[in-house]
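Trainee: I want a close look at one part of this chain, not a tour. Take the strand you find most instructive, and follow its contacts outward.

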Amino acid sequence: MDSVSLMLAALKSKIKHLPSRAASVSGRTKKAFALLLLFLIALLCVWLLLPLLTPLVSRLALTVLFTSSPPLHQPNSIQHLVDPALVSAAVEERIQYLLGPSLVLAAVEEKIQRLLDPAVVSAAVEAKMQRLLDPAVVSAAVGAKMQRLLDPAVVSAAIELKMQSLLDPAVVSAAVETKMQRLLDPAVVSAAVEAKMETLLDSAVVSGAVEVTMQRLLEELQLKQELSLSQMKESLQLDLKDMKDLQDLKDMKDLQDLKDMKDLQDLKDLKDLKDLQDLKDLQDLNNLQDLKAQLLVLDSENRQLLLQEASALSQRMEDHQTESLSASEALRVRIQTLEQQNSKFSQEWSSLQMTPPPAPCPEPGLPPVQQQLTPELQKALEKWLSDRIKDQASLRLTGSCSDCGRPDADKMADFALETQGASVISTRCSETYRIRSACVTLFGFPLWYPSESPRTVIQGSPVLLPGKCWAFHGVQGTLLISLSHPITVSHVTLDHLPRYNSPTGRIDSAPRDLQVYGMREESEDGSLLGTFTYREDGESTQTFKLPISSVVYRLVELRVLSNWGHVDYTCLYRFRVHGQIPSS
């Protein structure tokens, strides 16, 4: 038993030294080494059980020796077979041979090379990708989904019902005709114009107004004359009283003379009054003539104005008639084009239905692939197909227009496009934000981690997908781009993921305040071209106009100063630079 305890102590000491030896192995081989270690521990347990079996073996050997050899030599043979020192030495030698450092390291390296062989890893990855992304399976699933969502009979029936309800030629023509008849009826317009002219230019009304004014003026003159005569009579009566007083004081002769003189004076005064009255009558007549002339002038002016208004109304009537005719013609042409598009669409779908889907041809050595898509891929396909259906329907209803709904940035050349020759030179001190989620693993070991490079910003992806952007740490970052051609910069455009495509419904990682610098060489500090703010509640593609300048730049630097609230990182999906190539 002492030998057994010694063996156990030796084994324990060696097992304690094994982790220190295994610590030198890299982190990726820890799990493989742990498996090998468990296997070796199991072997050690088996070897530990051997000393317990030695008494049985010795007893069996003793019985054999007692039966085969004489009794005199039995004690020596038993001692020779069951010597504890020999047994412990043999066990230690076996354990040292099995647990030697060179053998353990060689076995570990061989296991690691066999497990992490690049050919084996690449073959496993390719088999996994082929099994998951078989083009036949994907095409069959997409075809089934498109046939289920975009049934040509249903789509054509819905389009026909919508077109019949909205763009019925009979209804449209009847509505247009009733509107034109109600608004532009010549009889109604001519009657209204004639009534207006008769009310304004009636000769009886004009003559009645002139007579009323003349009568009013004559009455005023008569009142003035009567007042003047009454005043003259009063003055004469006063003079007569004075003359009576003088008759008492003077002689009759003198009185007679005075009376004659007074009469003469009175006659003169009466003559003067009569002349004055004649002059006033002449002035009144002149005033009446002037008023009559003014009334005639006003009458002619009113006639001219009414004639001009009537001509303008007739011109407007003609314009409305031409516009209504052109609108009705445009509606007819539009209806015809829609009908043609509908027939073309139905023909295309019928041809698609007639063409059978390609049959999958799996490889003989691979297991059968399930004819199903992952839920994420299925949702993405459904969303993309529904968006495309809505876009096509809106284009058909609004008419065929290649530029309808397109942002202004798509109508200008992008000189920061990588496929055109642009490139990212530097990001200064901006560090890429890396997500610690394993993309591909093998036996629990991560092979690589996904991260988008700054080149994503200038690769010009037509569809902005969540996460398909360059993310940098913090809220401030810099991107230096070498343009495809030296240009005079006129506009810059920043694209970001729309709010409705974001999983959280927010775009906190979108840039907010931006600065754009133009450079001729990388070593320059650059000149500030403009400072802008990307609106969170605006469109996903926002274009900013720069001040007009004739300076030609080869490099453009984008500096992000802040974002809309995300503390960890800021995302740049796409950045465009627009301008003109100088003629020289």
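Mentor: Contact means heavy atoms within 4.5 Å. With that cut-off, start at Thr-478, which lies in strand β5. Strands here are DSSP runs of E, at least two residues long, and helices are runs of H or I, at least four; both are numbered from the N terminus. β5 covers 477-495.

Two notes on the model. It is predicted, so local features need pLDDT of at least 70 and side-chain atom pairs pLDDT 80 or more, while totals for chains, interfaces and linings use all residues. Numbering runs from 1 along each chain as its sequence is written, and side-chain values use heavy atoms, without hydrogens or water.

Now the residue. Thr-478 is buried, at 15% relative accessible area. Buried means under 20%, exposed over 50%, and partly exposed in between, with a 1.4 Å probe and protein chains only. Leave out residues up to four places away in sequence, and Thr-478 touches Thr-427, Arg-428, Ser-430, Trp-470, Glu-557, Leu-558 and Arg-559.

Pick Arg-428 from that list. Arg-428 sits in the loop between β1 (423-426) and β2 (440-442). Arg-428 is partly exposed, at 38% relative accessibility. Its backbone stands out: phi is positive, about 55 degrees, although Arg-428 is not a glycine. Most residues other than glycine have a negative phi.

Further along β5 comes Thr-493. Its relative accessible area is 1%, so Thr-493 counts as buried. The Thr-493 side chain makes a polar contact with the side chain of His-578, at 2.8 Å. Such a contact is a pair of N or O atoms within 3.5 Å; within protein, one must be able to donate a hydrogen and the other to accept it, and sequence neighbours count only through side-chain atoms on both sides. Beyond four places in sequence, Thr-493 is in contact with Ala-409, Thr-541, Gln-542, Thr-543, Arg-574, Phe-575, Arg-576 and His-578.

Thr-493 also helps line the second largest cavity, together with Val-492, Leu-494, Leu-514, Val-516, Phe-532, Phe-544, Leu-558 and Phe-575. A cavity is a set of points on a 1 Å grid over the protein atoms alone, where a 1.4 Å probe fits but cannot get out; lining residues have an atom within 4 Å of a point. This one has a volume of about 30 Å³, meaning the space filled by probe spheres set on points joined across faces, edges and corners. Leu-558 appears here as well as among the contacts of Thr-478.

Which strand gives this lining its largest share? β5 does, with three residues. Both β5 and β6 (513-519) supply at least two. Eight of the lining residues are nonpolar, one is polar and none is charged. In that scheme Ala, Val, Leu, Ile, Met, Phe, Trp, Tyr, Cys and Pro are nonpolar, Asp, Glu, Lys and Arg charged, and the others, Gly among them, polar.

Contrast the largest cavity, with about 50 Å³ of space. Its lining is Thr-456, Gln-459, Gly-460, Ser-461, Leu-464, Lys-468, Tyr-573 and Arg-574. That makes two nonpolar, four polar and two charged residues. Arg-574 is also a contact of Thr-493. The count of cavities of 30 Å³ or more is two.

Now back to the strand's other partners. Val-552, in the loop between β8 (541-545) and β9 (553-560), touches Pro-486, Ile-487, Thr-488, Arg-520 and Pro-582, leaving out residues up to four places away. Val-552 is partly exposed, at 29%. C-alpha to C-alpha, Val-552 and His-485 are 9.8 Å apart in space and 67 residues apart in sequence.

Arg-520 belongs to the loop between β6 and β7 (527-533). At 47% relative accessibility, Arg-520 is partly exposed. Outside the four-place window, Arg-520 is in contact with Val-551, Val-552, Tyr-553 and Arg-554. Arg-520 and Ser-482 are 38 residues apart in sequence, with 9.7 Å between their C-alpha atoms.

Finally, the setting. The protein chain has 13 helices and eleven strands. Buried residues make up 23% of its 584 residues. Among contacts with a separation of 6 or more, 78% join residues 24 or more positions apart.

Terms used
On a 1 Å grid over the protein atoms alone, a cavity is a set of points where a 1.4 Å probe fits but cannot get out, and a pocket is an open set with protein on both sides within 12 Å along at least five of seven lines; lining residues have an atom within 4 Å of a point.
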